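Me: Could you walk me through this model? I am new to reading structures, so plain sentences would help.

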Amino acid sequence: MTQSEFLNVVMPFKDKLYRLAKRLLVSAEEAEDATQEILMKLWARNDMMERYKNVEAFAMTMTKNFCLDRLKSKQSGNLKLVHSNYSDESTSLQHQVEARDSVSWVEKIMEDLPEQQKMVLQLRDVEEYEFDEIAELLEMQPTAVRVALSRARKTVREKLLQKHRYGIG
Amino acid sequence: MESDRIKKLLEKYFEATATEAEERTLRDYFLQEEVTPELKQYAPMFAYFSKAKEERYTRQVPLNTVTAGNRRNLYRWISVAAAVVLTFGIYFGNVQIEKRKTEREQALYAYNETKKALNLLAENFGKGTEKVAYLNEFEEAKQKIYNGN
């Protein structure tokens, strides 16, 4: 596979990789690094790529695993533990200051979701994947995908409503 | 009418049982301008999802030229280069050895010739000294004559 062939394959979904990485890692810079790493890994094994029938799904799974590993190694440092103790309060304060409009508020709400729910919501509501695809990408059961999705959507709704009530009161 | 239908779809949406088409209907409904006030609270969700989809990966796609395939090629060229260097090395090494061998032979030959010449010289010297011995005889005879006087 030549460079241009590779780019033709990768171009349509590189933004999806980035958005999934950003959903998980939150920081734009880290997400860019992660995406770059994934693309380089794909390019390094480009001679094998023809064998995968769905390169996009494969790349998305790679991104998911890569970002979860990143998060795990970050959490294993005890710095994070200390930080998360008071990050709750400060972020909720930050939320009130920063997230004036409800649209960016949704983004903040999604940050607090568990990883799996984040990913399911991202893949379904932002990227509009089918349930079967999501199940395959995330290596989950289809029913588990639905459960996670329902929970994620309900949590977002609940927090959004709370915000509205506070906003009025 | 419309809002009743949307409400039903929303219910399905939050149970994650809505089909793709139904979800698309919801998205389209909430992204247009006129949303029923009682449903307005849900609009930010859909607005955010469509906004999130706009985000782009802006960095260059990094493609270094050394890939697995290329690397194999690289090894191939390196081995060709090594073979070339090796043959040249052996060839020129042989030439060098040959040269040294003839040099040594020439030196040996020169040595032998010199030795021969020196031997010849020594022989002639020997003859010379024999002849000088005659001179000694003459001297002795002369002494005898002197002593006789």
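**Where the two chains meet**

Me: How many residues does each chain bring to the contact?
Reply: Chain A brings 36 residues and chain B brings 24 residues, where two residues are in contact if their C-beta atoms, placed from the backbone, lie within 7 Å. This is a predicted model, in which local features need pLDDT of at least 70 and side-chain atom pairs count only at pLDDT 80 or more, while totals for chains, interfaces and linings use all residues. Residues are numbered from 1 along each chain as its sequence is written, and chains are lettered from A and ligands numbered from 1 in the order in which they are written.

Me: Which element gives the most to the chain A side?
Reply: That is α9(A), with ten residues on the side that touches chain B; helices here are DSSP runs (H or I, at least four residues), numbered from the N terminus.

Me: And what classes do the residues on that side fall into?
Reply: The side of chain A that touches chain B has 15 nonpolar, seven polar and 14 charged residues. Ala, Val, Leu, Ile, Met, Phe, Trp, Tyr, Cys and Pro count as nonpolar, Asp, Glu, Lys and Arg as charged, and the others, Gly among them, as polar.

Me: Switching topic, how do α7(A) and α8(A) cross?
Reply: Their axes, which are lines fitted to C-alpha atoms over the stretch in contact, come within 10 Å and cross at roughly 140°, with angles running from 0 to 180 degrees between N-to-C directions. That makes α7(A) oblique to α8(A), since angles under 35 degrees count as roughly parallel, over 145 as roughly antiparallel, 65 to 115 as roughly perpendicular and the rest as oblique.

Me: Which residues make that contact?
Reply: From α7(A) they are M119(A), V120(A), L123(A) and R124(A), and from α8(A) they are I134(A), L137(A) and L138(A). By class, six are nonpolar, none is polar and one is charged.

Me: What else does V120(A) touch, neighbours in sequence aside?
Reply: Leaving out neighbours within four places in sequence, V120(A) is in contact with I134(A), V145(A), A148(A), L149(A) and A152(A).

Me: Where is E128(A), and what is its phi?
Reply: E128(A) sits in the loop between α7 and α8 of chain A, and its phi is positive, about 60°, although it is not a glycine.

Me: Is E128(A) buried, exposed or partly exposed?
Reply: E128(A) counts as partly exposed because it has 14 C-beta neighbours inside 10 Å, where 20 or more would be buried, 12 or fewer exposed, and in between partly exposed.

Methods. Helices (H or I, at least four residues) and strands (E, at least two) are DSSP runs, numbered from the N terminus.
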